[in-house]
Amino acid sequence: MRLTTATFATLSTSGCLNGQSSSIQTVTMPGDLTFEPKTATIETGETVKWTNESDIEHTVTAYEDEIPDEATYFASGGFESERAARNRVTEGLIAPGEDYEHTFDQPGTYGYFCIPHESSGMVGTVRVK
Ligand SMILES: [Cu+2]
C-alpha cells in the first residue's frame, strides 16, 4: 500500500517537471495508411507532433469544415485553406522520417486527413479539451 502511494507520487512529480515535453502528443504514421492513434485527445494549448515512420510520403491536412469556427486552419506545408493544400499537394508532403507539428489553441474536434491516401481511409481526429 505504502509503496504504491510512493510510486504514484514519484510519477506525478516527474510529470510536473516534464511539463514542457508532456505538452507534445505524438501521432505516428506507421505505414499502413493510418494515423496512430486515430483519435488523439489533448488539452487546449498542447501540440500534436505527427511523425512519418513509414517509407512513403503523407500529408496532415485539416478538413476545413471539420474544425471549430474560431480555429486556425492547419496543414503540413503551412497552407491557409484545404483548397490550397489540395492544389499544391507536393509542397505539403511529409517525407519518411520527417514530422509536422501544430499547436491547438481552441477547444473542439478537428478532423484531418492525408491527401494522397484519403480514399484509403487515412483520416484522423484531434479532440482538444
Ligand atoms: Cu498518407
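## The overall layout

Follow the chain along its sequence and you'll meet the pattern α-α-β-β-β-β-α-β-β-β. That comes to three helices and seven strands. Keep in mind that this is a predicted model.

The chain has 129 residues, and 26% of them are buried. Look at the contacts with a separation of 6 or more, and 57% of them link residues 24 or more positions apart.

## The nonpolar core

In soluble globular proteins, nonpolar side chains tend to be buried together. Here, the largest nonpolar core has 24 residues. Those with the most contacts inside this core are Val 48, Trp 50, Val 60, Ala 62, Ala 75, Tyr 110 and Val 126.

Which elements give two or more residues to this core? They are β1 (24–29), β3 (47–52), β6 (108–113) and β7 (123–128). The largest share, three residues, comes from β6.

It's worth a look at Ala 75, one of the core residues just named. Leaving out residues up to four places away in sequence, Ala 75 touches Thr 59, Val 60, Thr 61, Ala 62, Ala 85 and Gly 92.

## The four-stranded sheet

Now for the strands. Four of them form an open sheet in the order β2-β7-β6-β4, and the pairing is mixed. β2 (39–42) and β4 (61–62) sit at the edges with a single partner strand each, so one side of each has no neighbour in the sheet.

How many bridges join β6 to β7? There are six, and the two strands run antiparallel. If you'd like to find one bridge partner, start at Phe 113: its partner in β7 is Val 123.

How values were computed: Residues numbered from 1 in each chain as written. Predicted model: local features only at pLDDT ≥ 70, side-chain atom pairs only at ≥ 80, totals over all residues. Buried ≥ 20, exposed ≤ 12 C-beta atoms within 10 Å, placed from the backbone. Contact = placed C-beta atoms within 7 Å. Core = buried A, V, L, I, M, F, W, Y, C linked by C-beta atoms within 7 Å. Pairing = 2+ DSSP bridges.
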